[in-house]
Amino acid sequence: MLLGFRNFINFSFSCAGFQKHLNTSRGLFAGQVRAMGSGKKEKIAKLSVAATPSSPKMFPNENVVVGSKLDEILSIQNDPGKLDSMTVQQLRTALRKVGASSKGRKQELVSALKTILEGEIDGEKPPVNEKESSDEPLSDPISLPKCKRSETKEKEVVDETLEVDIDIKTVKQSKSVESSDICGKKRTIKRKVAAETASIHVEVSQEVNESAYEKEPWTRFAHKKPQKGWVAYNPKTMRPPLTRDTNVVKLMSWNVNGLRALLKLEGFSALELAQREDFDVLCLQETKLQEKDVEPVRDLLKGYDNSFWTCSIAKPGYSGTSIVSRIKPLSVRYGLGIANHDAEGRVVTAEFDSFYLLCVYVPNSGDGLRRLSYRITEWDPALSQYMKELEKSKPVILTGDLNCAHQEIDIYNPAGNKRSAGFTIEERESFEKNFLSEGFVDTFRKQHPDVVGYTYWGYRHGGRKTNRGWRLDYFLVSGSIADRVHDSFILPDVSGSDHCPIGLVIKC
């Protein structure tokens, strides 16, 4: 940047308030611009600056050269060798006179002064007369390099509004106004401008993002070990449209973490959810119902006249699964057919015309991983074998809380949970071995290979607000019908449980 050699313009910024003309990716703010003229005359300088993601430097590569009285410096132009013979102190003095940085080694100082003199000779920008600059507003774009904060105070200034359009997603560092002072004094004010501008940029970005995240926290990309290309799941933009003439079946699944407690929540309406999503079948896990509690909720949804419930008899008020459907199934089964696995009400199977649907609540390995061995050596292999037997007659769809975050992309903090139930290497390998390697397809990951989408957020640390969660809920399908899946989705906006619903739209 070429600086003027005697006259300088100092700009100081102060925030004048934000104009909330905001969308998803852009922020608009207003600041105040102040200019001090020579002879303590107050003059106003107006600027208009735009920032776009496509221009990394954010501003045009323009230079402002103000002033022309450099008789003692310009004499060097006719004798280039004179620069090399100057002492470090002389070089620094010369640079200070032109308002440039005087820091660095001798060779750096010589190079800086040569650059300034060459710019003066080239004359790309004509010098501005003091009188002209005091009578007319400056209109040249001004480059805004990063500077340090200064403690210098300003006096006798006039306020004017500056509007800057920034891209809040791509702007990572702020730019500041650096130009010349008409008086040639108080150069430190421009450094103060830099610091204040930086703080304004940060405040705008944070305010815009935080406001959006409060309304839709699931859109916050949250992962402690992110990989290139990963993005946060957003159902508003990632669910493919469905035409009316497409013949599909829509399935949904939800770990409700206690159905009676969910139904008592103020503002929750199962009917509204059904009307919004228009699903054909709803699978529920962790209903925590006893058999005596089933009848009052059997007619949970009007129009869904077919409901099938299984409850834990080993431990009342624990586990429990259900299938609620407006399509009458051909047959219904409960459990895996193995006494050791069927006392906790974890499996309901409904047979439809073209597939079997399994609603499953896989056992959690528990505190201290006390059930890890049972989970990976008994339960997972038994469930896998059951699915393969069913698959001999027609394709299988498995849904529910499978209590396993399969890959690192499926959990916010993979490194911190390597020995946590649901993310141990043993559980993940068992998931791979017993289900995926047997030909069943993780529909969400197939559709969204680089998308971070969670279905569970722990209550303890308010994980839902910060989107620090796990993907524990799945739709797995037989490989033979994987290409018929139109959409595998998550509904993170539906609250009422520590899990959210998931869905599958499959073409008939």
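This note goes through the overall fold of a predicted model, its largest pocket and the annotated residues around that pocket.

1. **Overall make-up.** The protein has 508 residues, and 50% of them are buried. Its secondary structure comes to 14 helices and 19 strands. Take the contacts between residues at least 6 apart in sequence: 74% of these join residues at least 24 apart.

2. **The largest pocket.** Its volume is about 1,300 Å³. The lining holds 42 residues. Nearest the centre lie Asn364, Asp367, Ala421, Tyr456 and Arg460. By class, the lining divides into eleven nonpolar, 18 polar and 13 charged residues.

3. **Binding-site annotation.** An unreviewed UniProt entry places the feature "binding site" at Asn255, Glu286, Asp401, Asn403, Asp498 and His499. These positions span 245 residues in sequence, yet no two of their C-alpha atoms are more than 13.0 Å apart, so they gather at one spot. Where is that spot relative to the pocket? The lining of the largest pocket includes Asn255, Glu286, Asp401, Asn403, Asp498 and His499.

4. **Active-site annotation.** The unreviewed UniProt entry gives the feature "active site" at Tyr361, Asp401 and His499. The span here is 139 residues in sequence, but no two of the C-alpha atoms are more than 12.6 Å apart, so these residues also gather at one spot. Tyr361, Asp401 and His499 are included in the lining of the largest pocket. Asp401 and His499 carry the "binding site" feature as well as the "active site" feature.

5. **Glu286.** This residue sits in the loop between strand S8 (281-285) and helix H10 (291-297). Its relative accessible area is 13%, and under 20% counts as buried, so Glu286 is buried. Leaving out residues up to four places away in sequence, Glu286 touches Asn255, Val256, Asn257, Gly258, Leu259, Ser319, Gly320 and Tyr361. Two of its side-chain links deserve a look. One is a polar contact of 3.0 Å with the side chain of Asn255. The other is a polar contact of 3.3 Å with the side chain of Tyr361.

6. **Tyr361.** Is Tyr361 buried or exposed? At 8% relative accessibility, Tyr361 counts as buried. The residue lies in strand S13. Beyond residues up to four places away in sequence, its contacts are Asn255, Gln285, Glu286, Ser319, Thr321, Arg346, Trp379, Asp401 and Asn403. Among them, Asn255, Glu286, Asp401 and Asn403 also carry the "binding site" feature in UniProt.

7. **Asp401.** Strand S14 holds Asp401. The relative accessible area of this residue is 2%, and Asp401 is buried. Which residues does Asp401 touch, not counting residues up to four places away in sequence? They are Asn255, Gln285, Val360, Tyr361, Val362, Leu472, Asp473 and His499. Asp401 thus contacts Tyr361 and His499, its partners in the "active site" feature.

8. **Asn403.** Asn403 is in the loop between strand S14 (396-401) and helix H12 (425-436). Asn403 is buried too, with a relative accessible area of 6%. Not counting residues up to four places away in sequence, Asn403 touches Tyr361, Val362, Pro363, Asn364, Arg375, Gly422, Glu427 and Leu472. One of these, Asn364, belongs to the residues nearest the centre of the largest pocket.

9. **The loop after S13.** Two residues in this loop merit checking. Gly366 is found in the loop between S13 and H11. With 17% relative accessibility, Gly366 counts as buried. The C-alpha atoms of Gly366 and Gly422 are 8.9 Å apart, while 56 residues separate the pair along the chain. Leu369 is in the loop between strand S13 (356-361) and helix H11 (372-391). Its phi is near 55 degrees, a positive value in a residue other than glycine. Leu369 counts as buried at 16% relative accessibility.

10. **Another positive phi.** Asn467 has phi near 60 degrees, and the residue is not a glycine. Its place is the loop between helix H14 (463-466) and strand S17 (473-478). At 3% relative accessibility, Asn467 counts as buried.

Conventions
Residues numbered from 1 in each chain as written. Predicted model: local features only at pLDDT ≥ 70, side-chain atom pairs only at ≥ 80, totals over all residues. Heavy atoms only, no water. 1 Å grid on protein atoms, 1.4 Å probe; cavity = no way out; pocket = protein on both sides within 12 Å on 5 of 7 lines; lining within 4 Å. Points joined across faces, edges and corners; volume = space filled by probe spheres on them. Nonpolar A, V, L, I, M, F, W, Y, C, P; charged D, E, K, R; others polar. UniProt positions renumbered as here; feature names shortened; annotations may be inferred. Helix = DSSP H or I, 4+ residues; strand = E, 2+ residues; numbered from the N terminus. Buried < 20%, exposed > 50% of the residue type's maximum accessible area, 1.4 Å probe, protein only. Contact = heavy atoms within 4.5 Å. Polar contact = N/O pair within 3.5 Å; in protein donor to acceptor, adjacent residues only side chain to side chain.
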